Amino acid sequence: VAAPACGLLALDAVRRRAAGPAWTLLGAEPLFSPFSAGLAVRRNALIAALGDGLVLVASGLHGGSAYAVRHALEAGAPLWCFEAGRATPPANRQLLRAGKAMPLSLAVSPEAWAAAMLPALQKRRRALLRSPREAQLDFLAA
């Protein structure tokens, strides 16, 4: 799934063709909207809202990725960050130190990442599939 930070018809024909039949283009902006930083922030919020979890590859403390992280945390979605020792980006480092994200290492395989992520994703999915009555009882018991 690709979610550009512009209207779908503002993408040039080459990029639309490159997406091909194996891709789904997702857009929440008016069809001819050009790229803008504001649309990128809104696009990242949409991605965070639709996902079961979020993987932060690299981010500074501000910008579109930082907004996506904020939305994911507000939604209670699990968050993972890549860590790379001293080269770990500032937002990744801050989230890992605060315990708000689980670490992923570049030194292991993508299969190992999936195995590490699966329990948290399954837990979130179970929580989201609870009946309204179950959620109400949990709320009242807290």
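Two residues are said to be in contact when their heavy atoms lie within 4.5 Å. With that in hand, Leu-79 makes a good place to enter this predicted model. Leaving aside residues up to four places away in sequence, Leu-79 touches Leu-54, Val-69, Leu-73, Leu-95, Lys-100, Ala-101 and Met-102.

Several of these partners reappear in the largest nonpolar core, which has 13 residues. Those with the most contacts inside this core are Leu-54, Leu-56, Val-69, Leu-79, Cys-81, Leu-95 and Ala-101. Two or more residues come from each of strand 1 (54–56), helix 3 (64–74), strand 2 (79–83) and helix 4. Apart from this core lies another, made of five residues, including Phe-82, Leu-104, Met-117 and Ala-120. In soluble globular proteins, nonpolar side chains tend to be buried together.

Stepping back to the whole chain, the protein contains six helices and three strands, arranged from the N terminus as α-α-β-α-β-α-β-α-α. Of its 142 residues, 27% count as buried. The exposed surface amounts to about 9,300 Å², with carbon and sulfur atoms supplying 63% of it. Among contacts between residues at least 6 apart in sequence, 47% join residues at least 24 apart.

How far the details can be read depends on confidence. The protein averages a pLDDT of 80, and 87% of the residues score at least 70. Confidence is highest in helix 4 (residues 90–97), at a mean of 92, and lowest in helix 1 (residues 13–19), at 58. Where pLDDT is low, the predicted coordinates should not be read in detail.

Conventions:
Residues numbered from 1 in each chain as written. Heavy atoms only, no water. pLDDT = per-residue confidence, 0-100. Helix = DSSP H or I, 4+ residues; strand = E, 2+ residues; numbered from the N terminus. Buried < 20%, exposed > 50% of the residue type's maximum accessible area, 1.4 Å probe, protein only. Areas by Shrake-Rupley, 256 points an atom, 1.4 Å probe, with all protein chains shown as cover. Core = buried A, V, L, I, M, F, W, Y, C linked by side-chain atoms within 4.5 Å.
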